[in-house]
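Grab a pencil and try these short exercises before you peek at the solutions. Each one comes with a worked path you can follow on the screen.

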Amino acid sequence: MTNHVVLYEPLMPANTGNIARTCAGTNTVLDLIEPLGFQIDNKKMKRAGLDYWDKVDIKMHDDLETFLKTLGPNDEMYLISKFSSKNYAQVDYTDPDKDYYFVFGKETTGLPETFMREYYDRNLRIPMSDNIRCYNLSNSVAMVLLEALRQQGFPNMEKSHHYENDKLKDNYNRPERYERNLGDK
């Protein structure tokens, strides 16, 4: 089972850089569908991804049609759109025999309408209030991807880690230092 974040013609290098960092931290493949609105070596994108670029598995696709040809018979593709009525958290992403592809549209216009209609049953929505038009692209990716990973048990990810200067585990911050009866005033 492999998760893929697919960005359709992304325009903003900082968003793509942040998403690449999330992909590096979650062992997720990043599929980029061209044309991109920036050069892949753009300084803002590199800065947003910091020093994680060597940890990101990036696949480039000339266009949407080329990307679709890479999908196998057991792959599950989901289109993330504010126009869908199906909640992304109501889908089961746990079949170990499947790869999961989460497709996100460009920041200004989203995914092509014909594509969304062709795969109508594959459209998913992130719930939101009517106070905004949409969420930021990199935040949307994180929400959907982390729900899939949560359901999958966070595969190949550290669930805890001890750091040399761990703020929660060193002698200074021992738990008994902060223990108190919450009823005390």
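## Warm-up: the whole chain

Of the 185 residues in this protein, 38% count as buried. Keep in mind that you're looking at a predicted model.

**Exercise 1.** Find out how many helices and strands the protein has, and write down their order along the sequence.

*Solution.*
- Step 1: Count the elements. You should get 5 helices and 6 strands.
- Step 2: Now walk along the sequence and note each element as you meet it. The pattern reads β-α-β-α-β-α-β-β-α-β-α.
- Step 3: Have a look at the contacts too. Taking those with a separation of 6 or more, 78% are between residues 24 or more positions apart.

## Two helices side by side

**Exercise 2.** Work out whether helix 1 and helix 5 are roughly parallel or roughly antiparallel, and list the residues that make their contact.

*Solution.*
- Step 1: Locate the pair: helix 1 covers residues 13–26 and helix 5 covers residues 137–151.
- Step 2: Take the geometry. The packing angle is about 15°, and the axes lie 9 Å apart.
- Step 3: Compare with the cut-off. Angles under 35 degrees count as roughly parallel, so helix 1 and helix 5 are roughly parallel to each other.
- Step 4: Add the handedness: the two helices cross in a right-handed way.
- Step 5: Zoom in on the contact. Helix 1 brings Asn15, Asn18, Ile19, Thr22 and Thr26, while helix 5 brings Leu137, Ser138, Val141, Leu145, Leu146 and Leu149.
- Step 6: Sort that contact by class, and you get 6 nonpolar, 5 polar and no charged residues.

## Cysteines

**Exercise 3.** How many disulfides does a search of the whole structure find? Then decide whether Cys23 is buried or exposed.

*Solution.*
- Step 1: Recall the idea: a disulfide is a covalent bond between the sulfur atoms of two cysteines.
- Step 2: Search the whole structure. You'll come up with 0 disulfides.
- Step 3: Check Cys23. Its relative accessibility is 1%, so Cys23 counts as buried.
- Step 4: Do likewise for Cys134. With a relative accessible area of 42%, Cys134 is partly exposed.

## Odd backbone spots

**Exercise 4.** Where do Pro35, Glu9 and Phe154 sit, and what are the backbone angles there?

*Solution.*
- Step 1: Start with the usual case. Most residues other than glycine have a negative phi, and most peptide bonds are trans.
- Step 2: Go to the loop between strand 2 (29–33) and helix 2 (43–49), where Pro35 lies. The bond from Glu34 to Pro35 is cis, and its omega is near 5°.
- Step 3: Move to the loop between strand 1 (3–8) and helix 1, home of Glu9. Phi of Glu9 is positive, near 45°, and Glu9 counts as buried at 14% relative accessibility.
- Step 4: Finish in the segment after helix 5, where you'll find Phe154. Its phi is positive as well, near 50°. At 29% relative accessibility, Phe154 counts as partly exposed.

## A methionine and its contacts

**Exercise 5.** Which residues touch Met128, leaving aside its neighbours within four places in sequence?

*Solution.*
- Step 1: Find Met128 in the loop between strand 6 (123–124) and helix 5.
- Step 2: Judge its exposure. Buried means under 20% relative accessible area, and Met128 has 19%, so Met128 is buried.
- Step 3: List the contacts: Lys82, Arg133, Cys134 and Tyr135.
- Step 4: Pick out Lys82. Met128 and Lys82 are 46 residues apart in sequence, with 8.7 Å from C-alpha to C-alpha.

Note on methods. Residues are numbered from 1 along each chain as its sequence is written. This is a predicted model: local features need pLDDT of at least 70, side-chain atom pairs count only at pLDDT 80 or more; totals for chains, interfaces and linings use all residues. Side-chain values use heavy atoms; hydrogens and water are left out. Axes are lines fitted to C-alpha atoms, for helices over the stretch in contact, and angles run from 0 to 180 degrees between N-to-C directions. Helices (H or I, at least four residues) and strands (E, at least two) are DSSP runs, numbered from the N terminus. Angles under 35 degrees count as roughly parallel, over 145 as roughly antiparallel, 65 to 115 as roughly perpendicular and the rest as oblique. A crossing is left-handed if the near helix is turned anticlockwise from the far one by less than a right angle, and right-handed if clockwise. Contact means heavy atoms within 4.5 Å. Ala, Val, Leu, Ile, Met, Phe, Trp, Tyr, Cys and Pro count as nonpolar, Asp, Glu, Lys and Arg as charged, and the others, Gly among them, as polar. A disulfide is a pair of cysteine sulfur atoms within 2.5 Å. Buried means under 20% relative accessible area, exposed over 50%, partly exposed in between (1.4 Å probe, protein chains only).
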